[in-house]
Amino acid sequence: MDPANPAENGRVGAVYLSRAEIGQRVAELGQEIARDYDGLDPILIAPLKSSVVFLADLTRRLPIPHTLDIVEIAPYSGDQDGGVRLLKDIDAPLAGRHVLIVEDVVDTGLTLHFLCKTLTLRGPASLAAITLLDRPYRRLVDELPLRYVGFTVPDELFAGYGLGLEERWRALADLHVVSSVALPRGATEAA
């Protein structure tokens, strides 16, 4: 099997977004954020693991002073209602800071809603979110502060560009559709 061609394994399908398309959109998002946050020294906060690649590319395309931090969250064991718990908190104080949550995918909005509620209690000057991929038709939570969207995508599973399936294929530079033929029951993109 050729590791350069992940489609050969039957699980990872065609390229949905190429690294060039993603790179161009991330650069555009960086310019939009720079315009909106110029002089504000925002802090970008990303949940592990899927958002890390997007965060790394975005921070390199953001030509204004800013800082980074990471949170780690996980679903409550056996919780079907989207409940999440905090495994690793941020290190930086947020009082008076302009906070931008950097997400990989926003669909139901439950995870983003949890992060917003948690971080709002810390007194930020402002709180907004950016996502690489958006599935607005899957929303279960209204009133999310989703200010920047990379791409609106169909109801498919994706692998690559930080998104994994069973902790695999995160390192693929392109975003691939995951083949539904070989999906385990209840599979989702790994956070």
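The exercises below work through a predicted model of one protein chain, each with a stepwise solution.

**Exercise 1. Establish which secondary structure elements the protein chain contains, and in what order they run.**

Step 1. The secondary structure of the protein chain amounts to three helices and nine strands.

Step 2. Read from the N terminus, these elements follow one another as β-α-β-α-β-β-β-α-β-β-β-β.

Step 3. As a background to the folds that follow, 47% of the 191 residues in the protein chain count as buried, and among contacts with a separation of 6 or more, 66% are between residues 24 or more positions apart.

**Exercise 2. Describe the sheet of six strands: its strand order, its edges and its pairing.**

Step 1. The six strands make an open sheet whose order is E4-E3-E2-E5-E6-E7, and the pairing within it is mixed.

Step 2. Strand E4 (84-88) and E7 are the edge strands, each of them pairing on one side only, while the twist from one strand to the next averages 25 degrees.

Step 3. For the individual pairs, E2 and E3 run parallel and are joined by five bridges, with Ile43 having Thr67 in E3 as its bridge partner.

Step 4. E5 and E6 also pair in the parallel sense, over eight bridges, and here Leu100 stands opposite Ala128 in E6.

Step 5. Between these two strands the chain passes from E5 through H3 to E6, a β-α-β crossover that is right-handed.

Step 6. E6 and E7 run parallel with five bridges between them, and Asp134 stands opposite Thr152 in E7.

**Exercise 3. Determine how helices H2 and H3 pack on this sheet.**

Step 1. Helix H2 packs on the sheet through contacts with E2, E3, E5 and E6, and its direction makes about 130 degrees with that of E5.

Step 2. Helix H3 (residues 110-120) likewise packs on the sheet, touching E2, E3, E4, E5 and E6, and its direction makes about 165 degrees with that of E5.

**Exercise 4. Find which residues of helix H2 are buried, and explain how they are arranged around its axis.**

Step 1. Within helix H2 (residues 51-60), the buried residues are Ser51, Phe54, Leu55 and Leu58.

Step 2. Because these four span an arc of only 100 degrees around the axis, they lie on the same side of H2.

Step 3. This agrees with the general geometry of an α-helix, in which 3.6 residues make a turn, so residues three or four places apart point the same way.

Step 4. The cover over the buried residues of H2 includes helix H1 (19-37), strand E2 (43-47), strand E3 (67-75), strand E5 (98-106) and strand E6 (126-134).

**Exercise 5. Identify the most connected members of the largest nonpolar core and the elements that supply it.**

Step 1. The core has 28 residues, of which Ile33, Phe54, Leu58, Leu100, Val102, Ile130 and Leu133 touch the most other members.

Step 2. Two or more residues each are given to this core by H1, E2, H2, E5, E6 and strand E7 (146-152), and the largest share, six residues, comes from H1.

Step 3. Taking Leu58 as an example, and not counting residues up to four places away in sequence, its contacts are Val26, Leu29, Gly30, Ile33, Leu44, Val102 and Ile130.

Step 4. A second core, separate from this one, has 18 residues, including Ile73, Val84, Val99 and Ile101.

**Exercise 6. Decide whether Thr131 is buried or exposed, and set the result in the context of its strand.**

Step 1. Thr131 has its place in strand E6, and seven of the nine residues of E6 are buried, so that strand is largely enclosed by the rest of the structure.

Step 2. The relative accessibility of Thr131 is 0%; the cut-off for a buried residue is under 20%, and therefore Thr131 counts as buried.

Step 3. With neighbours within four places in sequence left aside, Thr131 is in contact with Phe54, Glu103, Asp104, Val105, Val106, Leu146, Tyr148, Val149 and Gly150.

**Exercise 7. Work out which strands of the three-stranded sheet lack a neighbour on one side, and why.**

Step 1. This open sheet has the order E1-E9-E8, and its pairing is antiparallel.

Step 2. Strand E1 (12-17) and strand E8 (158-159) stand at the edges and have a single partner strand each, so one side of each is left without a neighbour in the sheet.

Step 3. E8 is joined by two bridges to strand E9 (residues 175-178), the two running antiparallel, and Phe158 has Val177 in E9 as its bridge partner.

Conventions. Residues numbered from 1 in each chain as written. Predicted model: local features only at pLDDT ≥ 70, side-chain atom pairs only at ≥ 80, totals over all residues. Heavy atoms only, no water. Buried < 20%, exposed > 50% of the residue type's maximum accessible area, 1.4 Å probe, protein only. Arc of directions from axis to C-beta. Contact = heavy atoms within 4.5 Å. Pairing = 2+ DSSP bridges. Core = buried A, V, L, I, M, F, W, Y, C linked by side-chain atoms within 4.5 Å. Axes fitted to C-alpha atoms, helices over the stretch in contact; angles between N-to-C directions. Right-handed = clockwise from strand over helix to strand, strands pointing away.
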